[in-house]
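Thank you all for making the time this morning. I would like to walk through one chain with you, taking a few places in turn, and I will put the sequence and the structure up now.

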Amino acid sequence: MKTLLPFRTIQAKLIIMVLLLILIALQLIGVYFISTMKSSLINSFTQNLNRQAQLLMALADSAISQQDKSGNVEESTSAELNQLVGNLFSNSGTETQVLDSSGRVLATSLEEHQSYVGRKNTSLLVSRALQGINDNTEEIIDSDNVRKKVIAQPVVSGGKVIGAVYIVASMKELYETMERVNRIFVTGMLLALGLTALLGILIAGTITQPIKALTRQAAAVAEGRFEERVPVLGDDEIGQLSTAFNEMTDRLSEALSVNEEEKEKLSSILSNMSDGVLATDEIGRVIVVNRRAQAMLGEGAIGKTVSECLDIDKAPIAETLGGKESILLIQRPLSQSEDHLLFRVTLTPIRRRDKGVVGAIAVLQDVTESEKLEQSRREFVANVSHELRTPLTTIKSYAEALDDGALEEPPLAERFVGVIRSETERMIRLVTDLLHLSRFDSKQAQLRRQMTDIAEMMEDVVDRFSLQLRQKAITAKVQVDPGLEKAWLDRDGIDQVLDNLVSNAIKYTLDGGSIHLAARLNEAGQLSVTVKDTGIGIPKKDLERIFERFYRVDKARSRSMGGTGLGLSIAREIVRAHGGHIALDSEPGVGTTATVTLPYVQEGGEAP
């Protein structure tokens, strides 16, 4: 098969096609020309022999007529005939005989055949000629393999056949001439084929070279190289094809560039989406996963079905692949935690114009936080309603009691009015705290920073709670690191934070306990204020939610102590407004440590 490879090229095929066409045409022309020439030469040769026979018949007529009544020819007449045929018909390879009416040879042109004189010629053609038939010709091949032409013509005198002329002529020279013509024709045909092949190579090259250039350009385009161009060598069909191919290359390059750009945009969008995206094929197997979906579901989603990745039933996926959109809510447990992630899954079919549904898109939205916020909102509303309902119910009850006659009893009326006043103050504190939090949520709370003496601020806090400390025999200690003097703070806000922390420490520290307040600079150069007590502590399960609004570890006890459940929430917002953070570390039965970390900006520095 490798030997046939050169003949598979267009150039070779064109050359072979042209050569075959020329060869067939020359063969047809040659066959026609040679056959026509052969017929013409043979006819001319035969006509020449016939003319010779006619001439001989005219000359031999008188000589044959002189034979005696016995049918014998005089010797002088025989000699005359021999001289006649010898002089006139002495062509090489041609024998001429004159026969009488009985078929005996009267004269012959060949010396070597003089012995035939007087003998009878038994040839069939002679017999036909003596019968008066004129058309008597045939071709024979003698013992020497020489083709000869034989003609026998009757000699007629007075309407009577008196003899015959018999001519045997060699056709060797004629066929040699035909052979020379054949050789000349074959030589000319070979020269014509050679010239045709050369011209075919040159002409085919003008066709195949542009085709080769187009092939190279097509291979370059297939490899992604669009900068090359096909040379345009003319305005013919190949030139127009080259121009069209160059234009197609430009458009294909632009289309691929746009496609790559759109692909990169889509990839960037998918990678940076806050929602997870899964794309499936027509049987529901995942073929595309963005980064967010991998973070939600983990690695190894490619090749699995959506139902396996999301651990859901196959029915919704089948409905989506059938052309129906659907929305699901699913939960996935967190590793080593009791909490769950909540996903909203939107399933949408992928449709193609000519094939219908060819896959599905699953968009995963993590609604855990929004659900928690919604739950917190519901709890907040419920807590506010409950916190307001309790004092309002108490106020209503005592007001009704006073209206029913308790006013007539001064000691009882005074106690009832005191309860109403206490509950009213409690509601005022609650509403004030809510308004305070609302201002922080709406970014309307502004800090009033001033240079604040840290030691003085810490001592003032202890002084404000000195009565409560003495009542419970709690020891309070203040410690400020040397060199820590003033800082740029909102004094009222930080006082509120420290008051809340010290108040909680006093509430949940048993009689005879201790509270330690300390201020220092941490390793990061920030101001760190700690309030440490030896109270009952906070369970670990409650530490994560301790800063939530209205959250109480012991709801009944906290409410009885007059708290609103908003103190720590307000403290956290104030600290955040300063650019710091607050944290609680507690162990039940040992105590609690609250740490407030704030940026430390001294006088002359730039406030954050």
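Let me begin with a question: in which helix does M427 lie? M427 belongs to helix 10, which covers residues 410-441, and please keep in mind throughout that what we are looking at is a predicted model. The relative accessible area of M427 is 15%, and because the cut-off for buried is under 20%, this methionine counts as buried. If we set aside residues up to four places away in sequence, M427 touches L388, P391, L392 and I395. Of these partners, let me pick out L392, which is 35 residues from M427 in sequence, while the C-alpha atoms of M427 and L392 are 8.4 Å apart in space.

Now let me step back to the whole chain for a moment. There are 608 residues, and buried residues make up 36% of them; the chain has 16 helices and 17 strands. If we take the contacts between residues at least 6 apart in sequence, 57% of those contacts join residues at least 24 apart. The accessible surface of the chain comes to about 36,200 Å², and carbon and sulfur atoms account for 54% of that surface.

Next, the sheets, and I will take two of them. One is an open sheet of 5 strands, with antiparallel pairing, in the order 2-1-5-4-3. Strand 2, residues 105-108, and strand 3, residues 137-141, stand at the edges with a single partner strand each, so that one side of each has no neighbour in the sheet. From one strand to the next, the twist averages 20 degrees. Within this sheet, strand 1, which is residues 94-100, pairs with strand 2 in the antiparallel sense over 3 bridges, and for a concrete pair you can look at V98, whose bridge partner in strand 2 is A107.

As a general reminder for reading such a picture, the strands of a sheet pair through backbone hydrogen bonds, either parallel or antiparallel.

The other sheet I want to show is also open, with 5 strands in the order 7-6-10-9-8 and antiparallel pairing. Which strands are the edge strands here? They are strand 7, residues 286-289, and strand 8, residues 326-333, each of which pairs on one side only. Neighbouring strands of this sheet are turned against each other by 25 degrees on average, with direction ignored.

Let us go through some of the pairings in that order. Strand 6 is joined to strand 7 by 3 bridges, and the two run antiparallel; T280 has V286, in strand 7, as its bridge partner. Strand 6, residues 276-280, also pairs with strand 10, residues 356-366, in the antiparallel sense over 5 bridges, and there G276 stands opposite L364 of strand 10. Strand 10 is in turn joined to strand 9, residues 340-352, by 10 bridges, again running antiparallel, and in this pairing R344 stands opposite Q365 of strand 10. The connection from strand 9 to strand 10 is a hairpin, made through 3 residues.

From the sheets I turn to two helices. S242 lies in helix 5, residues 237-272. Is S242 buried or exposed? S242 counts as buried, because its relative accessibility is 1%, and the cut-off for buried is under 20%. Leaving aside neighbours within four places in sequence, S242 is in contact with L214, V230, P231 and V232.

For a contrasting position, consider I203, which is found in helix 4, residues 172-222. I203 is exposed, because its relative accessible area is 53%, where exposed means over 50%. I203 is also one of the members of a nonpolar patch on the surface, which is formed by L198, L199, L202, I203 and I207 and has about 480 Å² of accessible area together.

My last stop is a loop. A473 sits between helix 12, residues 466-471, and strand 12, residues 475-480. Most residues other than glycine have a negative phi. A473, however, has a positive phi of about 55 degrees although it is not a glycine. With a relative accessible area of 49%, A473 is partly exposed.

That is everything I wanted to show, and I am glad to go back to any of these places.

Definitions and conventions. Residues numbered from 1 in each chain as written. Predicted model: local features only at pLDDT ≥ 70, side-chain atom pairs only at ≥ 80, totals over all residues. Heavy atoms only, no water. Helix = DSSP H or I, 4+ residues; strand = E, 2+ residues; numbered from the N terminus. Buried < 20%, exposed > 50% of the residue type's maximum accessible area, 1.4 Å probe, protein only. Contact = heavy atoms within 4.5 Å. Patch = residues over 30% accessible without salt bridge, like charges linked within 9 Å, V, L, I, M, F, W, Y side chains within 5 Å. Areas by Shrake-Rupley, 256 points an atom, 1.4 Å probe, with all protein chains shown as cover. Salt bridge = Lys/Arg side-chain N within 4 Å of Asp/Glu carboxyl O. Pairing = 2+ DSSP bridges. Axes fitted to C-alpha atoms, helices over the stretch in contact; angles between N-to-C directions.
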